[in-house]
Amino acid sequence: MAPVISAKNVWKLFGPDPERYLRDMPADRGFDEIRADGYIAGVKDVSVDVGKGEMLVIMGLSGSGKSTLVRCFSRLHDITGGTIEVDGQDIMSLNERDLIDLRRSKMGMVFQSFGLLPHRTVLENVAFPLEMRGQDRHTRRERALEVVRLVGLEGREDYFPRELSGGQQQRVGIARSLAIEPDIWFLDEPFSALDPLIRREMQDEFLRLQEMLGKTIVFITHDFDEALRLADRIAIMKDGAIEQCDTPDEIVMHPATEYVRKFTEDIDKARVVHARGLSLPINGATVEGPPVDGRARIQDLARQLVNETREVIPVADEDGKVIGVMQRKDALDLLLGAG
Amino acid sequence: MAVTSTADIGGHTDQSAKRDPVLIGLLAAAFVLMAAYALGILPTWLYRVPEEWIPPTAEMLDVVFAFVQNDLGLIHLTRFIAEGPLEFLLDATANLLYGKRRWPYLGPIPWTAIAAATAVLGYYLGGWKMAALAGGTFVWTALIGQWDIAMQTMSVLIVAAPFAFLIGLLLGIAAWKYKWVDRLIKPILSILQTLPFFTYLLPAVIFFKVGPTAGAVATIIYAIPPMILMTTLGLKKVSPEVVEAGKMSGCTRWQMLTRVYLPAARTELLVGVNQVIMLCLAMVVLTAFIGMPGLGAKLLAMMGSFKLGRSFEIGITIVLFAIMLDRLSKAWVEKQPYHHEKGTPWWQQHAYLLGGVALFVIFYILAQFIDFFAEIGRRQSFSKGKEIDKAIKGFLAIEGVNAVTDWLRWFLNVKVLIPFRNSLLWIPTSAFILLITALTYWIGGKRPAIWGFIFFTIIAFSGWWDRSVITLYTVISAVIISMLIGIPLGVFAARSAKWPRRILLACDTAQTFPSFIYLIPAIMLFGVNDVAVVFAIVIFTTVPLTRYTIEGLRTVPPEITEAADMSGATRRQKRWSVQLPMALPTMAVGFNQAIMFAFFMVIIAAFIGTQDLGQELQRTLAGTELGKNIVLGLNVSLMALTFDLAVMSWAENRKKVLGLT
Amino acid sequence: MKKLTLLATVCSVAMMGAAASAKDSDDPIVIPIHNWSSQIVMSNVVGQMFEEMGLNVEFITTDSQAVYESVRLGDVALELEVWEGAFGASFREALKKGGLHDAGDHDAVTREDWWYPMWTKEACPGLPDWQALNACAAVFATAETGDKGRYLDGPVDWLKHGQERVEALGMDFVVVNAGSAAALWAEIGAAEANKTPVVVFNWTPNFAEAVWPGEFVEFPAWEDGCDTDPAVGPNPDALYDCGNPATGYLKKAAWDGMKDKWPSAYCTLTKISFTNPQIAEMAKLVDTDELEPEEAAEEWLAANRAVVDPWMAACSS
């Protein structure tokens, strides 16, 4: 299946004349060298695809270029080099009208500090994209009410953002981004400004929504735990470039660079890695007994692993078909933090 | 990065304060020139720019204006505007407010109806206090017998303010959107903000016909700059996420501007509205000089016939209007939208509007039957003009007062002001320019010094050097004296919790009192001479110094004073080594404003009797010498700008050093 | 734009047509008012007379020097107080440019010169003679003038030549220029408190006579040419060596177009002639009795029907 977003060799440079600089720049120029030349590499030669219904989490520290990258996907930033295709269409070739149409019909975005319009009520904020689209008052009210209910804000439709708590404000932000029923959903650190308790609650809420809606999602965070908790795949960024882009299991088990490894160090891997992630090809080994579910986390299998008598445990996919085997020792090492 | 740059600046100021070769060079050159002059060996062209070198700027400007005005036909356009739409609007408001016989032939609206409606508005915006202020102002005006003239002023204000708002908004948007507009507008704004108001008046009269139209135009132009500044500021401050949210919602450019940017910049725009209203009110009073009827004209007439008490009462009315408009518009800035519970009936949601309209209608109808509700004649009014006159005369007859003012007059005039003026006039022009350059270099650094040099050279070639120096002398004297009064007053007030509010209220009042009202007491206390002139300016310039001293001291971060307390600093040590240094950048803003006010007031003080630019400017008002008027105005503006650039640059550097930005 | 001008031309032609018939135009007659009471009340009196004649009147506050330019352009229709000394120059200049004309003199005469309030006489009994004044110059000395006397002249732009006169007559006085009329009054008012002797520039008729009784200093009498020919006057080598004319004119001025646009109003204007006591009475109603100008005008008109009725009757055809 063709990817929904496909970025190839994307560059975003900031500086006096970035196009020209990029054209004349020798290959393999590093971030710091570019900075010495008076340019900042916001996004540095990034290639990544996002598949339909996939949740890609972009993780990085502040200044790593993650926000810039996601703004390139929606062309809030014009890229300096490379191509970005959305549903097979090069978005840099769109004119203003088409770009507006694309955003009006396919994209929704949630912001770290909510980006609500302070002079509009909850309902008016949620209905804002519909209003821009020129929908009539009645339909947009109906739709806005529906989304407000979806995010659990019924009863507060007439409040102003100022009158809401942070978590509630972000619910408005989420509702607004969903109002037009977008195919692609961008979330830029949506929960970072919230208290830890609220954050957790919002993450659950978010997972619930995603289960229901099944959108294609690009989610940005600087919180590795959050990334591991939500992602289908994680792209870890540093200095504008992607260090590694893979499933959480792979990143935890096989960090590609030293930088990535440092992130994974303090992680309780058993809470992240799935049985599937530890499974090895069968290679003719004898498989005995009932398999474990490949989607289960090692931590959730802890009791079973301790009591297990088999050294080699079969792993099955969601249909119950055995896809490989897991060494009990590997799993126990992970569980005990020796891995 | 920030750290290194502040260190740079810190090093630079310290160095320039001690021994900077440029500074020493400039000073040395100036002293050489002065010594040469004292010895009689200075070439005369270095003493004063010779007459024949002075370009006929005024005449050239006159030719240009004559060309634009007549040959290009601009006057037809401006007169068309003046006699068409503008006059139409002014006539309409004039009819409603004081019954000028023009369309829509409905007015005058009874004073009770207006007072009641504004009281309700006041209540909506700020509760009972605001209601009392709003309604009370109108009741006072009516009872004191100034209703008609106050309404003449208001009828221009309510036309001029929206225009100034709209034009300022559009220009502000343009400057925010297009870099080149911004670059074009910035210097023009700086000049406009320092230009003496006399220079606004004459072109207005020539292009827009004497009377309310010219008054309205001058008022509009005067009030536009802050609106432009606040608009750009507000638009720039809109959070990038709100902007991106707008874009992601698929806004077109127009939708972005009208649905996202402007509403999100509401607070700054309303602060702009507040400033527009205040400047409009100040200017509307001053336009009396070009024949605008209303409070200002009445005040001038009262002063012209030596009616101090009545002048004072008009002054109070103006202050009340100013405070009312200021507080109401500020309350509007702070008024945030609030949701109504579901199911609130519509009449309850619009209770204030309905109440206001109802009261308005009730009083309108009552006024048809009861004369008192419609109009209060002179004989029924409660003016105490004569009693105030007596009180003032009684005060002046007190021996002690006389002794003090006589001594001050003698001391300041003979021992301070006249010697100071004569020595400034003695300095050769060339040396003077170098001294100014050195001063601005010392205060503000290189850029302000270059501008100072250029500006004063232009002044030297304008042909009005001596008068410019006298203007500057008056300004400097007044600012120094007001520093001696204002800063200690501010330091004293900032010590306690309740004094600042009282002093700031006094400041507000002193500042909104129409400036020329101070002239009469100044003369009566000191006679027609420089002491009276300086005194009148000092009243005005002390205000910002006091205000910003209080502000600066009170906004010192509490952790810093706490740290000083924990280090065992005494009150005195704390004030001198912690609070004052931290407050200095803010105080510099006050100092700068004091200088700007002084340049404003020195022009008005021409009515006492001076030999400076103000006197010449005042003289041009009567005639049609537009070129001369503008040259004189620009001289004032250039001097003011020189100080503005230097002081503001100092304050900014200092703030960076202290990390206050 | 062309269409606009065409339209304007058509309109103005139409208006001229209307004006050509003997009836006065319905457009308001714009009467300028300035910042002193007698002129304001007089303007109101005349305005109310015009209104009685069924005309529309409007008042507009203007500068008293710039007004002649406005009369010339027809922005205002007339000017009721043209003082020889104060506004003669502006009036003559506007006259030269064309557009306005002399609409006759009032009966009243004007005088402006050095003046002192009565209490000053106690300190310098020889007054009003100018030599006596000079003899007690020290009485008028102040801190900044040393032992010389201080004379407060009108604003520089009134061109009263006080400095020249002091030099021409060799007087021991320093001339200080006030910045405005208000400044002059403030000085007198301040001096009144403890009866300090002062000598200032002043003129008649104005409200000050009623507030502070006083006299003009008697300088060598005015002779024609005193301001242009050094030989005239006591000092053969100097100009301005005599007093100002003791009887200056007080004129009315009218816009040239007034005659055609409002013929009967114009006719009345030419008949109008107020006397010094009448003008003083008008000023007093406002300055001493504290009436608003409109009310003062009503009151004055009611008391002086016999004066004004003939002027109106002569012109209502």
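How many residue pairs are in polar contact between domain 1 of chain B and domain 2 of chain B, both at pLDDT 80 or more? I started my notes on this predicted model there, and the count came out at eight.

**Entry 1: the two domains of chain B**

I looked up the bounds before going on. The domain assignment gives domain 1 of chain B as 2-69 + 393-658 and domain 2 as 73-101 + 110-392. Their C-alpha centres lie 31 Å apart. For the contact, I noted 38 residues from domain 1 of chain B and 41 residues from domain 2 of chain B.

Next I checked the area. These two domains of chain B bury about 3,300 Å² between them, and 80% of that is on carbon and sulfur atoms. I wanted names, so I took the domain 1 side: B:Q69, B:F516 and B:L621 supply 22% of the area it buries against domain 2, more than any other three residues.

Then charges. I found a count of one salt bridge between domain 1 and domain 2 of chain B. B:R327 pairs with B:D508 in a salt bridge, with the closest N and O atoms 3.0 Å apart.

Which elements build the domain 1 side? I listed those of chain B that each supply at least two residues, among them α4 (57-71), α24 (499-512), α28 (571-604) and α30 (626-658). α30(B) gives the most, with nine residues. By class, I have 23 nonpolar, 12 polar and three charged residues on this side of domain 1 of chain B.

**Entry 2: confidence in chain B**

I checked how far to trust this chain. Chain B has a mean pLDDT of 86, and 96% of its residues reach 70 or more. I flagged residues 1-17 of chain B, where the pLDDT is below 50. Beyond near neighbours in sequence, that stretch has 10 contacts in the model.

**Entry 3: chain A against chain B**

Here I counted 33 residues of chain A in contact with 24 residues of chain B. The buried area is about 2,500 Å², with carbon and sulfur atoms giving 57% of it.

I noted three salt bridges between chain A and chain B. One of them joins B:R253 to A:E96, whose closest N and O atoms are 3.0 Å apart. I also have nine residue pairs in polar contact between these chains, both residues at pLDDT 80 or more.

On the chain A side, α4 (96-106), β6 (107-110) and α5 (122-132) each supply at least two residues. α4(A) has the largest share, five residues. I sorted the chain A side by class and got 15 nonpolar, six polar and 12 charged residues.

**Entry 4: where chain C comes in**

Two pairs of chains touch, and I see the most contacts between chains B and C. No contact joins chain A and chain C; their closest C-alpha atoms lie 38 Å apart.

**Entry 5: the two domains of chain C**

Chain C is divided into domain 1 (25-109 + 248-313) and domain 2 (111-216). I put their C-alpha centres 30 Å apart. Six residues of domain 1 of chain C are in contact with seven of domain 2.

The area buried between these domains of chain C is about 720 Å², 62% of it from carbon and sulfur atoms. In domain 1 of chain C, I noted C:W83, C:G85 and C:D287 as losing the most area to domain 2, together 46% of what that side buries.

I looked for salt bridges between the chain C domains and found zero. Residue pairs in polar contact, both at pLDDT 80 or more, also count zero there. The elements giving two or more residues to the domain 1 side are α4 (84-97) and α12 (276-287) of chain C. That side divides into four nonpolar residues, one polar and one charged.

Methods
Residues are numbered from 1 along each chain as its sequence is written. Chains are lettered from A and ligands numbered from 1 in the order in which they are written. This is a predicted model: local features need pLDDT of at least 70, side-chain atom pairs count only at pLDDT 80 or more; totals for chains, interfaces and linings use all residues. Side-chain values use heavy atoms; hydrogens and water are left out. Contact means heavy atoms within 4.5 Å. Buried area is the accessible area (1.4 Å probe) that two parts lose on being put together, summed over both. A salt bridge is a side-chain nitrogen of Lys or Arg within 4 Å of a carboxyl oxygen of Asp or Glu. A polar contact is a pair of N or O atoms within 3.5 Å; within protein, one must be able to donate a hydrogen and the other to accept it, and residues adjacent in sequence count only if both atoms are side-chain atoms. Helices (H or I, at least four residues) and strands (E, at least two) are DSSP runs, numbered from the N terminus. Ala, Val, Leu, Ile, Met, Phe, Trp, Tyr, Cys and Pro count as nonpolar, Asp, Glu, Lys and Arg as charged, and the others, Gly among them, as polar. Domain bounds come from an automatic or database domain assignment. pLDDT is the predictor's confidence in each residue, from 0 to 100.
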